[in-house]
Amino acid sequence: MNVKQRTIKGEISVQGVGLHTGANVTLTFCPAPENHGFKFQRVDLPGEPIIDADCDNVTDTARGTTITQNGASVSTVEHVMASLVGMDLDNVLVKVDGPETPIMDGSSIKFIEVLEQVGSALQNADREYYTIPHNITYTEPERSVEIVAMPLDDYRFTCMIDYNSPVLGSQHAGITTIGEFKKEIASCRTFCFLHELEYQLQHNLIKGGDLNNAIVIVDKEVTKEELQHLAKIFNREEIDVAPQGILNNMELRYQNEPARHKLLDMIGDLALVGVHLKGHIMAARPGHAANVAFAKKIKAAIKKEKGKKKLNTYDVNAKPLYDVVDVMKILPHRQPFLFVDKVLELSKTHVVGVKNVTMNEEFFKGHFPGAPVFPGVIQIEAMAQTGGILVLSTVPDPENYLTYFLKIDNVRFRAQVLPGDTIVFRCDLVEPMRRGIAQMKGVGMVGEKVVVEAEMMAQIVKVKESEITK
């Protein structure tokens, strides 16, 4: 049974401050249509630009994850993204009136609470999943980072952190299914080491920082004067070091809260892949840069798999949609320059044509007669003629039109084609036709092997009847 997509039932907002700018921010979750995905909108900028929540749009991972598109950026998106995935949603527009999301208490729980308050709604479209097909790995040896995604018919996480800190030690956290996110992970707050906090304060990098939204781990000897200075900065009467080795600004919600927060960050960053995942993610010492690099690796695997799915194998002996006589009613070409023998499929966006390569071809008399190879330029011509059938199928009287190719790019010849081979050409429109101009991606296959591919641009031109009959 297919899982349906989900959005939220209405708009709902939260207010807070941005961690790095200290500016007041209003963030509004809005319903979105099917196949919209997660997007952010900067409503404070001219034109209210939209930014796709996509790992390819990540521009900074130094102190959180920042995405940029259309001249606009939103930073610290990971806690919001984790809440959207944790609430099992697919389509949400997130409006913000500033350059970063509000930090709230340093976790995702406040976002979860408002999303629960507004409720979710089923949509008609099926949800897209990517099931990890085999182990996908990512390593950063210099930082001892290791991440692996393994096949599993669920979404499971295991995370380990170890910063060579005697206070923090080595910590592990995990969930067996994403349904555990709200209870086990959502409330876990961000953390930093005291030396990092001092550096950021000195360089004015956390204007919205507050001891209510971060766990501060004391990783060095600290004097009473330093603690008094911190208390003054954060408007506290006093600050001390708790027995757990953290500043006594808060109590830990879990003994391994830092590891659980790193897991939260991973869920949010991997949401930038753009589809729901099924697999077991295991990570050692992850961080935003590694998470995003891993997300890009998964996205590349998805793109590669989708590309393979388009390369269907076809039964060349099946009854054709058009035989060669039908083809000649559409194309003006004739022997010896007709290179499409039949058409197997034709839709508004794609065509599949067949060329049987035989030793009887005229060009074999002069082209490597002792070692015949189907010329690459003629493979491209055969692909172009196949694409021409797709283009001409969009006009009512194709015999009154000609197709001229304006551009051919990114041609790749991947294997030799020999007499006796049958090439199946598939051409797909890469965008809707405009003003009689079509852009297509073409692939030629012999069996399951790709032998040629190219990108083509063609234009339909109407000609006079007298010119056609010449």
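Visitor: How many helices and strands does the protein have?
Guide: Keep in mind that this is a predicted model. Both kinds of element turn up along the chain, and the tally is ten helices and 24 strands.

Visitor: What is the mean pLDDT of the protein?
Guide: Confidence varies along the chain: over residues 465–470 the pLDDT stays under 50, and the model has three contacts beyond four places in sequence for that stretch. Across the protein, 87% of residues reach 70 or more, and the mean pLDDT is 88.

Visitor: What share of the contacts with a separation of 6 or more comes from residues 24 or more positions apart?
Guide: Take Ser 108 and Gly 268 as a sample pair: they sit 160 residues apart along the chain, yet their C-alpha atoms are separated by 9.7 Å. For the protein's contacts with a separation of 6 or more, the share from residues 24 or more positions apart is 70%.

Visitor: Is Ser 108 buried or exposed?
Guide: Ser 108 sits in the loop between β9 (92–96) and α2 (109–118). Leaving out residues up to four places away in sequence, Ser 108 touches His 79, Ala 82, Ser 83, Phe 181, Ala 186 and Leu 264. Buried means under 20% relative accessible area. Ser 108 comes out at 0%, so the verdict is buried.

Visitor: Which residues have the most contacts inside the largest nonpolar core?
Guide: Nonpolar side chains tend to be buried together in soluble globular proteins. The largest such core here has 71 residues, and it is Phe 29 and Leu 84 that have the most contacts inside it. This core draws at least three residues from each of domain 1 (4–186 + 258–306) and domain 2 (191–252). Beyond four places in sequence, Leu 84 is in contact with Phe 38, Leu 89, Val 92, Val 94 and Leu 115, among others, and one more of its partners is Phe 29; the names you asked for are Phe 29 and Leu 84.

Visitor: How far apart are the end C-alpha atoms of helix α9?
Guide: Helix α9 covers residues 376–392, and 14 of its 17 residues are buried, so the rest of the structure largely encloses it. At 1.5 Å a residue, α9 should span 24 Å. The model agrees, with the end C-alpha atoms 24 Å apart.

Visitor: How many disulfides does the structure hold?
Guide: Cys 30 is buried, with a relative accessible area of 3%, and Cys 188 is buried too, at 0%. A disulfide needs a pair of cysteine sulfur atoms within 2.5 Å. The count for this structure is zero.

Key. Residues numbered from 1 in each chain as written. Predicted model: local features only at pLDDT ≥ 70, side-chain atom pairs only at ≥ 80, totals over all residues. Heavy atoms only, no water. pLDDT = per-residue confidence, 0-100. Contact = heavy atoms within 4.5 Å. Helix = DSSP H or I, 4+ residues; strand = E, 2+ residues; numbered from the N terminus. Expected span 1.5 Å × (residues − 1). Buried < 20%, exposed > 50% of the residue type's maximum accessible area, 1.4 Å probe, protein only. Core = buried A, V, L, I, M, F, W, Y, C linked by side-chain atoms within 4.5 Å. Domains from an automatic or database assignment.
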